[in-house]
Amino acid sequence: FYCDHFFVFNEYYIKQYKKIINSNFHVLGAYRNNIVEVKKSSNKNFLLISEYDKDGRDKKIIKSFCKLLELLNIYFSRSNKKIHILLRRKNSTQKEEMEFYNKFFKSNCVFHNIFDWKKSYQTVDKFENIIFMQSTLGYEATARKKKVACFQTNLTGSKFWFGWPKPFQKKHYFFTSKYLSYSEVKRILTNLNYCSQSTWEKKYYNSIKDLVFMDKNNEKFREILSKILKNSI
């Protein structure tokens, strides 16, 4: 296969795509993520990015996500804290989505509705700590310098790991799980809870900032597009 220009999240995807397609590759990051201005927050509560799937296309992933929710409920109940949940884009199933989470957290959760795609990034920016399993928005949050807790590694029967296709680094265990258990949930969330934003940026952000490239206002994309248009005249 061949195409003229191919924009990717990071440089590690280029090697994978080159196996199946010839193109001029460019590291862009996430187009929408680049557009929304990043704002810092002092809200130390945890925001869970919803990965609710009504259709349940992958039963292994749904099973792992439900187990994660059970463990998170234990942690937040014992911590006497509420978990905040960023619901998926507003649709006809949002009521069902809230009922799904209420089965796990009862009244110990706060829902955040989003009505357009910009709102999702703005909501993420309100929180220092983000929890996710394999959500793309979770990875985009790393580019916004959010402290992330990822429960993906070896949990879904997938060969992929946190940051795939970038080689996994053991230092990621500070905020990623080795397996799914309450001790791991407690360890990771406690790590983030006591990790200051400045420490995160100095010690951990530098090792993951290349996962999703941040190109403010898509300046690089605009520059490349301008050159393409100029050459086509």
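**Exercise 1. Two helices that meet**

In this predicted model, α5 crosses α6 with right-handed geometry. Work out which residues of α5 and α6 make the contact, and what class of angle relates the two helices.

*Solution.* Start with the residues. On the α5 side, the contact is made by S120, Y121 and V124; on the α6 side, L137, E140 and A141 take part. Next, sort these residues by class: the contact has four nonpolar residues, one polar and one charged.

Now turn to the geometry. Helix α5 covers residues 117–124 and helix α6 covers residues 136–143. Their axes are 11 Å apart, and the packing angle is about 55°. Angles of 65 to 115 degrees would count as roughly perpendicular, and those under 35 degrees as roughly parallel. The two helices are therefore oblique to each other.

**Exercise 2. Classifying ring pairs**

The structure contains 22 aromatic pairs. Take the pair F46 and F76: how are the two ring planes arranged?

*Solution.* First, find the distance: the ring centres are 5.9 Å apart. Second, look at the planes, which stand at 75°. Planes over 60 degrees apart count as edge-to-face, so F46 and F76 form an edge-to-face pair.

Third, place the two residues. F46 belongs to strand β3 (residues 46–49), whereas F76 sits in helix α3 (residues 59–79). The pair therefore ties together parts that are 30 residues apart in sequence. Finally, check exposure: F46 and F76 are both buried.

**Exercise 3. A pair within one helix**

Repeat the analysis for W200 and Y204, and decide whether each residue is buried or exposed.

*Solution.* The ring centres of W200 and Y204 lie 5.6 Å apart, with the planes at 35°. That makes the pair tilted. Both residues are in helix α8 (residues 197–208), and because they are four residues apart, about one helical turn separates them.

For exposure, the cut-off for buried is under 20% relative accessible area. W200, at 0%, is buried. Y204 has 8% relative accessibility, so Y204 counts as buried too.

To widen the view, follow the ring pairs outward: W200 and Y204 belong to a cluster that also includes F132, Y139, F162, F174 and F175.

**Exercise 4. A histidine in a loop**

Where does H172 lie, and which residues does H172 touch, leaving out those up to four places away in sequence?

*Solution.* Locate H172 first: this residue is in the loop between β7 (147–150) and α7 (182–193). With a relative accessible area of 1%, H172 is buried. Then list the contacts, still leaving out residues up to four places away: H172 touches F162, S207 and I208. Of these, F162 is one of the residues in the ring cluster from Exercise 3.

Notes
Residues numbered from 1 in each chain as written. Predicted model: local features only at pLDDT ≥ 70, side-chain atom pairs only at ≥ 80, totals over all residues. Heavy atoms only, no water. Axes fitted to C-alpha atoms, helices over the stretch in contact; angles between N-to-C directions. Parallel < 35°, antiparallel > 145°, perpendicular 65-115°, else oblique. Left-handed = near helix turned anticlockwise from the far one by under 90°. Contact = heavy atoms within 4.5 Å. Nonpolar A, V, L, I, M, F, W, Y, C, P; charged D, E, K, R; others polar. Phe/Tyr/Trp six-rings, centres within 6.5 Å; stacked < 30°, edge-to-face > 60°. Buried < 20%, exposed > 50% of the residue type's maximum accessible area, 1.4 Å probe, protein only.
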